[in-house]
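Let's look at this one together, step by step. Have the sequence and the 3D view ready, and try each question before you read on.

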Amino acid sequence: MRVSRRAVAVRVEGIVQGVGFRPFVYGLATRLGLAGVVGNDERGVFIEVEGGSAPVEEFLAALAGDPPPLAVIERISTRPAAVTGRGTFVIAPSTACGDRRALVSPDVATCDACLRELTDPADRRHGYAFTNCTGCGPRFTIVRDVPYDRANTTMTGFRMCADCAGEYHDPADRRFHAQPVCCPACGPRLRFVGSGSAGDPAGDPLARAVRLLRAGGVLAVKGLGGYHLAALATDEPAVAALRSRKHREDKPFAVMAGDLDEARRLCVVDPAEERLLTGPARPVVLLRRLPDASAALSVAPSVAPGNRWLGVLLPYTPLHHLLLRALGGPTVLTSGNVSDEPIAYRDEDAVERLGGIADAFLTHDRPIHIRTDDSVVRVFRGRDLPIRRSRGYVPHPLALARAAPRPVLACGAELKHTFCLVKDDRAFVSHHIGDLENYETLRSFTEGVEHFRRLFDITPEVVAHDLHPEYLSTKWALDQDADLVGVQHHHAHIASCLADNGAAGPVAGVAFDGLGYGTDGTLWGGEFLVADLAGFERVGHLAPVPMPGGATAIRQPWRMAAAYLDLAYDGDVPEDLDVVRRNAGRWAAVVALARRGGNAPPTSSMGRLFDAVAAVAGVRDAISYEGQAAVEFEQLADPAVDEAYPCDLAGTGTRFTVPGVALVRAVAEDLRARVPRDVVAARFHNAVARVVADGCALIRQARGLSTVALSGGVFQNLLLLGRAVTLLEERGFTVLTHHRVPPNDGGVSLGQAAVAAALDRA
Ligand code: ZN
Ligand code: ZN
Ligand code: FE
C-alpha cells in the first residue's frame, strides 16, 4: 500500500525561544513519526516536517493548540515544501543572520519541577541557588544580544560540565537547549562578603546570610535585575536601621513572604491576587493588610508606617526560596539603592553604593546585563492594575490595534520613566528606568534604547517626546535625527489608556495627575479631553490655582492648602483651622507669594488639589515621596460613607471648569464643624468621582461620546477609581482603565508611541 507523503515548512513567531519550544516540537514530531528539522533563527522558530498527511495535520493542530506554558505564539505561517524522503527529525544549530524578530522572554519565576529538585536531597541540584530549566529562570536580565543562545547571555563565561551538557543536548530532557543550564559543578556560585564580625570567615554563604539576618543585620542580596536590601520583616530595630541608612523616611517597603500561606497570615489575598502572587512574573502585589489583632503574623511598624496596604511578593529565584526557607519568616526586600537613585546591579558599583547600608553581601558571579526593578501591581475588580511594569513583564511586546507605518521611538516623560519602541503592530515598552532627573538615569535610558534597538532590530524613523522643555527625555529627543513628534502629556495618558485597551477613540478622556506641560505653557493635571489617538481637544479642566514656590509646593502640600484656602475664603481664611495654626509662622508669606504670582505658576492639577485637601485635613504638611499625601488621604477615608460635597461644573460640554476651591471650602467647613476626618476624606473622594461622571455627562451631551478613558497617576487611587467607574457605569458609560501599563507616567511612552503612529498613518 502506498502512503501519500506530504512536507510542510512552518514558521512560528512570538516568544518561542528559551521556553522549551524546540524540544516540544521535537517530541511532538517524533511521537507522530514525522521526519524533518526544527531550529531557532532571528525571527523565531522554523520547522520542516514530512510524513503522512494525517500526522502532519495532527502536528500542525498540536503546535497551535498545546504549546509549552511559557510560549506566546503570535503567528504561525505554513507553506508546502518539497518531499525529500528523509527519515529522522533533528534539531538544527542556531544561525546568526537575517532579521531579528525573535522575541526575548521576560525573566520567569522558578518552576515547580526545579523547586522539587532544589529541595530533594538526592538531586544533584539540591540546594543549588541557580537551578533553572526551559520553563523558568533568568532571561531578559542576562541577554546581551539575539539570537537567544548561551553565547549571547551573561552565562557565556560558565562552561557546562558533562552532566549539564548531556541534559542540554538530550531532546527528551527538561533542560534541552535551556541556555542558562548549570549545576553546582559548573555554574555560578554564591559568595558571602561581610565584615569580620558577621559570622565565621568561612562556611556556607547562605547559612552566614541567614545568621546575619536573624541577628538583626541588613543584607544586600544580588537578585535577577539588581541588588535588593533585606532585613527581617518582624524585627523593628533592623527595619528601622535599614530605613535610616537608606534615607527612606516613610515610603513603604515590600515584603517577601516564603509562600502563599505566609502571605495570607499577613494580608487578605483574593483569587486574582493569588494568581498574580504565584504566577510566572511574580510582581510585588499590593494587598490589604489584616488588622494587627486578627493577623497571625505582623510585620514591624517601620515596614509600611501607617499603611493599610502591604506590598508582598513571593520568591522568584532559587536563591530566594533557599533564603526564605532557612529564615522561616518574611523579609523586607527593597531595591538596593539610596533614596531615589537607580537600583544597583553591577557588583563593584553595588559594593560602593550599598556598602554604607548593608552589613554584608550575599552575591554571586553571574553578571546582570540590564537593571530591572521588581514590578508592582494592584488588583482592581479582578484585573491587573499595573503600578510599575518591569521585571517579569518586560520585554514582552504589547500588541497594537493598528500597525505603525514607520518604526517609532517614544521617549517618555520624567518620573517613573519608561521608553517605548514600536515596529509594525508591536510596542516594546521598556523596563522602569526611574526618575529621569540625573546623569545616571539618563544613561540608563540611552543605553536601554540602544539595547532594545539591537534586540528587536528596530531603527526608529519617528521620535515622539513630551512637550515639557525641561525634561531630559525631551532634550535628548530634540537632538535625534528623525521625524519629531511632540505629544501633549495628558493626550499621551489618554492615548496610553486607549492603546492599553486596543481602542482608538474618540473618547471622553479624563487625565488626572500631578503635573504635565500644557499646550498653553502652563502646568495641567485635572483635564477632560475629547481625544482619539491622532489628536485631542481640551474641553474641561480644574480651575487653575497658583502653586506658591513652584516645585517647593509639590514637596509641601500645606502651600497648596494656603493657596486654595485663600481663594476659597476670599482672603479671609478662618484662623481656627488646624492647618493655619500649624503653619502660622510661614502662612502669610506663602499666601502673599500665591497672590503676587511670579514664583507661583498656576496649575489645573488634580494631584495638587488632593495635596491641598490632605493638608487641610491634617494628613501631612510635607511629603517624603511622590504622592504621599494623597496615598495617606485615600487610606483615611471611610469607605462606608456615600455622601459627597457638591461641586457644580461651570460651562458646557465644549468648555467647562471644575471649581476645586468649592471642594476645599466644603472640607474646611466640615472640619471646623468637627466632622470626623475619615468622613471628610470619603466625602471628598466621592465628590471627585462625581466630578468625573458629571464632566463626562456634559461631554456626552455636547459630543455624543459614551466611552470614557481614565488615566493619570491620580487613578492609582482605588477608592476614587472604584467610585468613578461605578458612577459612570450607572450612567451608561463604557469605561476604559489600565490593565497592561500603569496609569501613571510609566505608561506615557506607550501613549506617545500610539499618537506618533496614528499621526504617521494620517
Ligand atoms: Zn524550571
Ligand atoms: Zn553542570
Ligand atoms: Fe502624568
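Q: How many residues does the hairpin that joins E22 to E23 run through?
A: This is a predicted model, and in it 5 bridges join E22 to strand E23 (residues 536–542), with the two running antiparallel. One facing pair is Phe-528 and Gly-540 in E23. The link from E22 to E23 is a hairpin, and the number of residues it runs through is 4.

Q: Which residue in the hairpin of E21 and E22 takes a positive phi?
A: Strand E21 (residues 507–517) pairs with E22 in the antiparallel sense, over 8 bridges. Val-507 has Ala-531 of E22 as its bridge partner. Between the strands of this hairpin lie 5 residues, and the one with a positive phi near 80° is Gly-521.

Q: Is Asp-513 buried or exposed?
A: Asp-513 is in strand E21, and its OD atom helps coordinate the iron ion (ligand 3). Buried means under 20% relative accessible area. The value for Asp-513 is 2%, so this residue is buried.

Q: What kind of arrangement do the 4 donor atoms make around the iron ion (ligand 3)?
A: The donors come from His-489 (NE2), His-493 (NE2), Asp-513 (OD) and Asp-745 (OD), at 2.0 to 2.2 Å. Four donors count as tetrahedral if all angles lie between 85 and 135 degrees. Here the angles span 87 to 170°, so the arrangement is irregular.

Q: How many residues apart in sequence are the parts that Asp-513 and Asp-745 tie together?
A: The donor residues of the iron ion (ligand 3) follow the spacing H-x3-H-x19-D-x231-D. Asp-513 lies in strand E21 and Asp-745 in the loop between strand E29 (734–736) and helix H23 (748–761), so the separation of the parts they tie together, in residues, is 232.

Technical notes: Residues are numbered from 1 along each chain as its sequence is written. Chains are lettered from A and ligands numbered from 1 in the order in which they are written. This is a predicted model: local features need pLDDT of at least 70, side-chain atom pairs count only at pLDDT 80 or more; totals for chains, interfaces and linings use all residues. Side-chain values use heavy atoms; hydrogens and water are left out. Two strands pair if DSSP finds at least two bridges between them. Donors are N, O and S atoms within 2.8 Å of the metal (3.2 Å for Na, K and Ca); water is not among the atoms, so sites may look incomplete. Four donors count as tetrahedral if all angles lie between 85 and 135 degrees; four count as square planar and six as octahedral if opposite donors are over 155 degrees apart and all others between 65 and 115; anything else is irregular. Buried means under 20% relative accessible area, exposed over 50%, partly exposed in between (1.4 Å probe, protein chains only).
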